[in-house]
Amino acid sequence: MIEATAPGKVILFGEHAVVYGRPALAAPVTQLRARAVVATGEGPDVRLIAPDLGRATTLAAARDTNPLAATVRLVESRAGRTLSPGVSLSVSSAIPIASGLGSGAAIAVAVIRALDAYFALGLSREEVSALAYETERLHHGTPSGIDNTVIAFEQPVYFVRQPPANHIETFCPARPLRLVIADTGVRSATKDVVGDVRRCWEADRARFEAIFDACGRLAEAGRAALAVGDLASVGCLMNDNHAQLVAMTVSSAALDRLAEAARAAGALGAKLSGAGRGGNLIALVEAESEAAVCAALLAAGAARLFRSDVG
């Protein structure tokens, strides 16, 4: 039996704008992980099992649009070999689905890591990320590549989409970030929200280019503040980034309510993280304010809370 895991992620600055070439910052959420297990057995085919979703099929029967099967086929092609009949691949995840925490990319990375070990390929993290990106295209249509990157690298990253070779730098904040992640409980399909933003951009390019430029400047300022450990500035920049996402039409009443509650309870800053229209909000807190912020978020309707330390 071979087992591999991969973390979730949060976008600290720059979601959506990153699709249009502006910089973004993201960090892994190591406390939430996806898991893939490859086990040998008997049978005429390779079994694909997702117990969390109550789904099971065989590799031969799975359609090309099945992300799990697509990931397996990508690695088989990379290896120049196929999984032996009787092998089973099981995936499970503690990362909420369609919540902006990178569940799809985390499952893909965990599967690639498990199959990398099975085939003894010795893939680099860049190669794992590139394979996971191909699976992300099934989930999101035209993903930026930031999710698979931060999850495969398992480090905070500064990311600029620059096909064919994205600009990627890992970094470590001068002071650790203490984040509270509040799940709205509302699922949101990244592919749909990204498509809506593109339609808005096509209808009013000047306005949306200005919004994307502002998000890019906030990401650069956030990087500079993180480099010197100025958490108060990081928090203010998060608030500003949330305001730009509101202007971009990707926030929601639930996300805005959680942001206001977190700030009123003492959070240094709060913003939606991910596609928006649901999913999660991240709040930057200090040890002294964490309990009050958590209580306020729950009172404001958060379905559940998670903790994450960055750096």
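**Exercise 1. In which loop does P164 lie?**

Solution. Start with the strands (DSSP runs of E, at least two residues; helices are runs of H or I, at least four, and both are numbered from the N terminus). P164 sits in the loop between β6 (157-160) and β7 (167-170). Next, look at the backbone: the peptide bond from P163 to P164 is cis, with omega near 5°.

Before going on, note that this is a predicted model, in which local features need pLDDT of at least 70 and side-chain atom pairs count only at pLDDT 80 or more, while totals for chains, interfaces and linings use all residues. Residues are numbered from 1 along each chain as its sequence is written, and side-chain values use heavy atoms, with hydrogens and water left out.

**Exercise 2. Describe the second largest pocket, which P164 helps to line.**

Solution. A pocket here is an open set of points on a 1 Å grid over the protein atoms alone, where a 1.4 Å probe fits, with protein on both sides within 12 Å along at least five of seven lines; lining residues have an atom within 4 Å of a point.

- Step 1: the volume (space filled by probe spheres set on the points) is about 280 Å³.
- Step 2: there are 15 lining residues, and A130, P164, A165, N166 and I168 lie nearest the centre.
- Step 3: α3 (125-140) and α4 each supply at least two lining residues, and the largest share, four residues, comes from α3.
- Step 4: sort the lining by class (nonpolar: Ala, Val, Leu, Ile, Met, Phe, Trp, Tyr, Cys and Pro; charged: Asp, Glu, Lys and Arg; polar: the others, Gly among them). This gives seven nonpolar, six polar and two charged residues.

**Exercise 3. Work out how α6 (205-228) and α7 (231-247) are arranged.**

Solution. First, take the axes (lines fitted to C-alpha atoms over the stretch in contact, with angles from 0 to 180 degrees between N-to-C directions). They come within 10 Å and cross at roughly 165°. Angles over 145 degrees count as roughly antiparallel, so α6 and α7 are roughly antiparallel to each other. Finally, find the contacts (heavy atoms within 4.5 Å): residues of α6 including F208, I211 and L218 meet residues of α7, among them V234, L237 and Q244. By class, this contact has eleven nonpolar, four polar and two charged residues.

**Exercise 4. What is the sign of phi at T249?**

Solution. First, place the residue: T249 lies in the loop between α7 and α8 (253-264). Then read the angle: phi at T249 is positive, about 75°, although T249 is not a glycine. Most residues other than glycine have a negative phi.

Terms used. Parallel < 35°, antiparallel > 145°, perpendicular 65-115°, else oblique.
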